[in-house]
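Got the viewer open? Let's take a walk through the model, one selection at a time.

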Amino acid sequence: MQALTNRVKDVDRRPMTFGEKIYLPAVLKGMSITFSHMFRKKPTINFPEQTRQFSPVFRGLHVLNRDEEGRERCTACGLCAVACPAEAITMEAAERKVGEENLYREEKYAARYEINMLRCIFCGLCEEACPKDAIYLSETFTPSNYNRKGLIYDKEDLLIPNPLTEKADLAKAKGL
Amino acid sequence: MSEQQLFKVTIDNITINVAPGTSILHAARSIGGDVAPPAMCFYSKLQGSGGKCRTCLVEVSKGSEKDPRPMPKLVASCRTTVMDGMEVKNITSSKVKEARAGVVEFLLINHPLDCPICDQAGECHLQDLGYEHGKAGTRYEFQRRTFHKHDIGPYIQLHMTRCILCYRCIYTADQLTNKREHGVLSRGDHSEIATYIEKALDNDFIGNVIDVCPVGALTDKTFRFKNRVWFTKPVDAHRDCPTCAGKVQLWMRGDEVFRVTARKDEWGEVKDTADGKTGWICNECRFEKKNVNDWVIEGPSVISRHSVIAQGHYLGLKKPEETIVKVMDGQKPRFFMDIHDVSEVNRPNIDLSLIEGPATSDTFNGKQKD
């Protein structure tokens, strides 16, 4: 029969010799391979104490951006939700009232904004679609969770710390 | 005049016969498709409209059979009638394309780029026009014009900055209602649509100015910021209305009616009803009937699949049969999580479609707006 690939190996069906029958040399050979690995460089790291460097195009957990005055940039235009191939983003908009100008940048804002991290595929299309520079994919992983409930991220989970009132938190989030 | 002589017109190398007195725009629309020039101010259902925006400019390369000279300048197709043997170039003319890009630039000089906030986004004719015929950048470097905010009642939201002065709403108010309360004030750059004294327009048919407006200058206040049009599903519906034909389009999300509009044809104009009248709808149908039980639903509206409104509408969708119940001897599948238990969006105690104006922080903080 013609082989489909050139990696075919015929099985050796000769009866075992005495040396092979006592198994011990083969066991020792295997153990020595295992032992030699102890002295090699470890390919793993101790996450989360140690982290690897991300590539510059890494797309991780989303953040909702604020402007320099700490106002939310998102105006709930729905372009991220319509761009989302996984349909992970939902939102509800509201009108800014008089006196809320320091909270929201535009006349309309997202009163509710949710990303379902169970659905999200981190493609970054929401970031590309956003006309207001409001949503970004940061260079952090989405933390794992024991239950699904914890992976529905609402606006409070996503918003960055206010650059005016929460300077320390923002610096920490930036990793400074 | 029993037998009318039909005129032969050639538009973009497509020849048709139309009755004398037909405008070039109408002739092009009877061919349909890309041949029809865009129109921002002309509205076939409103007498006297047209001739203002200049987006429908076309090149007449041959005046008529008798006088074959081309017209010296581009002409507004909505106001120019056809002649026998006329040859018109629309998308085949580079002059027209260039002129149209210029017109779009002019229209956008004072138009704010707030499409992310504007409720008209997704069904805005200026947005479509900009995408199709406009240029990517702007050369305008001055302040855009601004206006004092006019409150024109609880139903209609006026954003004067977005207005392109097409006068369609003025004609609507003039021709549909017997008492005209709003018109254009001032001149030139300062002209604006307003009511004389800031009083509510209380005519039964005034809501139609919303449908007629090609941009987001006049929008439905009861729909303001409630949802984006492309997340709502349009369905045709009707009800027995004493004042109007009652044939409308409902914009729904689940069982909630977010918005009621008149039915539109392929040119974005209000459709005629079966008896040949224009299907204008009354204010009661438009603003008051936000309950699905008020309406008899006929079925989903046909939306061009090139429109963003068609996103997520899977036509001819066939749901696969649920097999779990069958396989598990009638046992229902157990879900790990129901998203509605967790999600804060779309809570059952907040009916956005039923509150009158736009939602505010009060709506979401438990204090329902009265």
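Start with B:Ile164 and B:Val209: of the 78 residues in the largest nonpolar core, these two touch the most other members. A nonpolar core here is a set of buried Ala, Val, Leu, Ile, Met, Phe, Trp, Tyr and Cys residues joined through C-beta atoms within 7 Å. A residue is buried if 20 or more other C-beta atoms lie within 10 Å of its own, exposed if 12 or fewer, and partly exposed in between, with C-beta atoms placed from the backbone. Helix H4 of chain B (residues 168-176) gives this core its largest share, five residues. Helices (H or I, at least four residues) and strands (E, at least two) are DSSP runs, numbered from the N terminus.

Before moving on, a word on what you're looking at: this is a predicted model, where local features need pLDDT of at least 70 and side-chain atom pairs count only at pLDDT 80 or more, while totals for chains, interfaces and linings use all residues. Residues are numbered from 1 along each chain as its sequence is written, and chains are lettered from A and ligands numbered from 1 in the order in which they are written.

Now show what surrounds B:Val209. Leaving out neighbours within four places in sequence, B:Val209 is in contact (C-beta atoms, placed from the backbone, within 7 Å) with B:Ile156, B:Cys169, B:Thr172, B:Ala173 and B:Leu218. Next, colour H4 of chain B: seven of its nine residues are buried, including B:Cys169, B:Thr172 and B:Ala173.

Select B:Lys221 next, in the loop between strands E9 (218-220) and E10 of chain B. Is B:Lys221 buried or exposed? B:Lys221 has 21 C-beta neighbours inside 10 Å, so this lysine counts as buried. Not counting residues up to four places away in sequence, B:Lys221 touches B:Pro154, B:Tyr155, B:Ile156, B:Gln157 and B:Gly357. Measure over to B:Pro358 as well: 137 residues away in sequence, but 7.1 Å from B:Lys221 in space, C-alpha to C-alpha.

Follow the chain on to the open sheet of chain B, with four strands in the order E12-E11-E10-E13 and antiparallel pairing. Strands pair if DSSP finds at least two bridges between them. E12 (256-262) and E13 (296-300) are the edges, each with a single partner strand, so one side of each has no neighbour in the sheet. In the middle of your view, put E10 (residues 233-238) and E11 (residues 247-253) of chain B, which are joined by six bridges. B:Lys233 stands opposite B:Met252 in E11 of chain B.

Time to bring in chain A. Here 21 residues of chain B are in contact with 24 residues of chain A. On the chain B side, helix H9 (residues 361-364) supplies the largest share, three residues.

Hide chain B and look at chain A alone, with six helices and five strands. Its radius of gyration, taken over C-alpha atoms, is 27 Å, well over the 16 Å that the globule rule (2.2 Å times the number of residues to the power 0.38) gives for 176 residues, so chain A is more spread out than a compact globule. Along its principal axes, the C-alpha trace of chain A spans about 95 × 45 × 30 Å. Buried residues make up 23% of chain A.

How values were computed. Contact = placed C-beta atoms within 7 Å.
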